[in-house]
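I opened the notebook to look up two things: the surroundings of the ligand and the state of the cysteines. The entries follow in that order.

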Amino acid sequence: MSTIEGNFTSSSNLRIAIVVARFNDLITNKILSGCLDCLSRHGIDVSETSSQLDIAWVPGSFELPIVSQTLARKGTYDVVITLGAVIRGDTPHFDVVVSEVSKGIASVSRETGVPIIFGVLTTDTMQQALERAGIKNNLGWSYALQALEMGSLMKCMN
Ligand code: INI
């Protein structure tokens, strides 16, 4: 019997792309910071000169799937992390944006075979988003851990 699972100890050879939405950047900058902190503590070079990490910015969460797809198709990344914040109070088309971004990211992941981490906060209020972006907890940290696990898992199966 084989046990197939990811780990958090072989991160130094992972290539990672992060795609971040500027919409609600008060929140997305905070989850990006949490994400980078976790990656750095697991041995990823997060410096400006890193050859392991690239960061792309998009206008809003709706644009996360297409840019993730383009990056994943390059074949140079083991995992792509998407970061966004969709807040119900801000928009009548909350449900459309959330539905498109979640379906889009799932479909890009399956189509390219590259794991795409769904790091999009979907909340009813700005207060709830702030709580998940650092006031209580920073979910950027969790998204980074999920990326390390999935990146190493997919690598060990290839
Ligand atoms: N984009 C977000 O990332 N979060 C939101 O809450 C949001 N709202 O409220 O509308 C949002 N809209 C922009 C959207 O993602 C696209 O960038 C825009 O529609 C252009 O395609």
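For the class count I took Ala, Val, Leu, Ile, Met, Phe, Trp, Tyr, Cys and Pro as nonpolar, Asp, Glu, Lys and Arg as charged, and the others, Gly among them, as polar. I note that this is a predicted model.

Entry, ligand shell. I sorted the shell around the ligand by class and got five nonpolar, five polar and two charged residues. I then asked which of the 12 residues around the ligand come nearest. They are Ser61, Phe62, Glu63, Ala85 and Thr91.

Entry, polar contacts. I looked up where oxygen atoms of the ligand meet polar protein atoms. An N or O atom in the side chain of Glu63 is 2.4 Å from a ligand oxygen. For Ser61, a polar side-chain atom lies 2.7 Å from an oxygen atom of the ligand. At Gly60 the partner is a polar backbone atom, 3.4 Å from a ligand oxygen. I also looked up the area: the ligand taken alone exposes 460 Å², and the protein buries 78% of that.

Entry, pocket. I checked which pocket the ligand takes up, and its space is the largest pocket.

Entry, cysteines. How many disulfides does a search of the whole structure find? I found zero. Cys35 is in no disulfide, and the nearest cysteine sulfur, that of Cys38, is 7.2 Å away. Cys38 is likewise in no disulfide, with the sulfur of Cys35 as its nearest cysteine sulfur. The cut-off I needed here is 2.5 Å between the sulfur atoms.

Entry, burial. I looked up whether Cys35 is buried or exposed. Cys35 counts as buried because its relative accessibility is 0%. Cys38 is buried, with a relative accessible area of 0%.

How values were computed. Residues numbered from 1 in each chain as written. Predicted model: local features only at pLDDT ≥ 70, side-chain atom pairs only at ≥ 80, totals over all residues. Heavy atoms only, no water. Near = heavy atom within 4 Å. Polar contact = N/O pair within 3.5 Å; in protein donor to acceptor, adjacent residues only side chain to side chain. Areas by Shrake-Rupley, 256 points an atom, 1.4 Å probe, with all protein chains shown as cover. 1 Å grid on protein atoms, 1.4 Å probe; cavity = no way out; pocket = protein on both sides within 12 Å on 5 of 7 lines; lining within 4 Å. Sits in = over half its atoms within 2 Å of the grid points. Buried < 20%, exposed > 50% of the residue type's maximum accessible area, 1.4 Å probe, protein only.
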